[in-house]
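Here is a walk through one structure, from the overall fold to single side chains. Keep the viewer open while reading.

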Amino acid sequence: IVPNSAGLDVARKHFKKDIAPTPEELFDPDTNITYGSAYISILDKSYLRKIKDPISRKYCAIAAYNTGAGNVAKAFNTDKSRNINRAISIINDLDSESVYSHLIANLPYDETKKYLKKVNKLEQQYQANINQWNLNNKEIKHEK
């Protein structure tokens with residue numbers, strides 16, 4: 001989370017304050033998780049909410065988490081504008097695999113392309129192992 005962009009966005013939308021978190025605050029794990037999860041929620045439920053396909057929206061949210069929604073828009077808009085609504089209209093005409101491929105081919109920064117690939121790969125590994133871990137069927141025993 002960059003304090004004066006995503007951090008300020010979270011502060012305004014979730015905490016109703018106009019003060020960005022400090023870098024020191026964001027190094028606190030609890031604060032970082034709070035701001036990070038709030039920011040991904042803002043991306044999913046606000047900026048990218050009009051993306052109809054949930055998988056396409058997930059790919060765009062992952063990329064936007066790393067680089068911002070404006071740069072995701074630039075990847076889809078032929079004039080490279082940061083207009084997210086125009087980009088969403090293009091995204092909604094594509095299937096999710098085409099959205100992923102388009103992001104990988106057109107995002108403005110290699111760091112974001114690598115981030116999207118890494119998160120996608122880790123999610124696939126997680127999904128492949130979730131049944132083996134059988135978390136949903138285990139009883140949680142509490143000590144008294």
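The model shown here is predicted. Start with the fold. The protein has eight helices and zero strands. Read along the sequence, the pattern is therefore α-α-α-α-α-α-α-α, with helix after helix and no strand between them. The C-alpha trace spans about 65 × 40 × 25 Å along its principal axes. Of the 144 residues, 36% count as buried. Now consider the contacts with a sequence separation of 6 or more. Residues 24 or more positions apart account for 52% of them.

Next, look at the pockets. The largest pocket holds about 200 Å³ of space. Its lining includes Ile 1, Val 2, Ser 5 and Ala 6. Tyr 39 and Glu 111 are also among the lining residues. So are Ala 64, Tyr 65, Asn 66, Thr 67 and Gly 68. Two elements, α1 (3-15) and α4 (54-67), give two or more residues each to this lining. Helix α4 gives the most, with four residues. By class, the lining divides into six nonpolar, four polar and one charged.

The second largest pocket has a volume of about 170 Å³. Which residues line the second largest pocket? They are Ile 40, Asp 44, Lys 58, Ala 61, Ile 62, Tyr 65, Tyr 115 and Val 119. Tyr 65 thus appears in the linings of both pockets. Helices α3 (29-47), α4 and α8 each supply at least two residues here. The largest share again comes from α4, with four residues. The classes are six nonpolar, no polar and two charged residues.

Turn to the charged side chains. A search of the whole structure finds seven salt bridges. One of them joins Lys 58 and Glu 123, with N and O 2.7 Å apart. Lys 58 lies in helix α4 and Glu 123 in helix α8, so this pair ties together parts that are 65 residues apart in sequence. Are the partners buried or exposed? Both fall in between. Lys 58 has a relative accessible area of 25%, so it counts as partly exposed. Glu 123, at 27%, is partly exposed as well. Recall that Lys 58 also lines the second largest pocket.

Asp 44 is another residue of that lining. Asp 44 forms a salt bridge with Lys 45, the closest N and O atoms being 2.9 Å apart. This pair belongs to a network of salt bridges that links Asp 44, Lys 45 and Arg 57. Exposure differs between the two neighbours. Lys 45 is exposed, because its relative accessible area of 59% is over the 50% cut-off. Asp 44 counts as partly exposed, at 24% relative accessibility.

A further salt bridge pairs Asp 79 with Arg 86. Their closest N and O atoms are 2.8 Å apart. Asp 79 is partly exposed, at 46% relative accessibility. Arg 86 is also partly exposed, with a relative accessible area of 39%.

Now move to two buried residues. Thr 112 lies in helix α8, which covers residues 110-133. Is Thr 112 buried or exposed? Its relative accessible area is 2%, and buried means under 20%, so Thr 112 is buried. Its side chain makes a polar contact of 2.6 Å with the side chain of Asn 66. Asn 66 is itself one of the residues lining the largest pocket. What else does Thr 112 touch, not counting residues up to four places away in sequence? Besides Asn 66, the contacts are Ala 63, Thr 67 and Leu 107. Of these, Thr 67 is another lining residue of the largest pocket.

Asn 71 is the second buried case. It lies in helix α5, residues 69-76. Its relative accessible area is 7%, so Asn 71 counts as buried under the 20% cut-off. Leaving aside residues up to four places away in sequence, Asn 71 touches Arg 82, Leu 107, Pro 108 and Tyr 109. Leu 107 is therefore a contact of both Thr 112 and Asn 71, given that contact means heavy atoms within 4.5 Å.

Terms used
Residues are numbered from 1 along each chain as its sequence is written. This is a predicted model: local features need pLDDT of at least 70, side-chain atom pairs count only at pLDDT 80 or more; totals for chains, interfaces and linings use all residues. Side-chain values use heavy atoms; hydrogens and water are left out. Buried means under 20% relative accessible area, exposed over 50%, partly exposed in between (1.4 Å probe, protein chains only). A polar contact is a pair of N or O atoms within 3.5 Å; within protein, one must be able to donate a hydrogen and the other to accept it, and residues adjacent in sequence count only if both atoms are side-chain atoms. On a 1 Å grid over the protein atoms alone, a cavity is a set of points where a 1.4 Å probe fits but cannot get out, and a pocket is an open set with protein on both sides within 12 Å along at least five of seven lines; lining residues have an atom within 4 Å of a point. Grid points are joined across faces, edges and corners, and a volume is the space filled by probe spheres set on the points. Ala, Val, Leu, Ile, Met, Phe, Trp, Tyr, Cys and Pro count as nonpolar, Asp, Glu, Lys and Arg as charged, and the others, Gly among them, as polar. A salt bridge is a side-chain nitrogen of Lys or Arg within 4 Å of a carboxyl oxygen of Asp or Glu.
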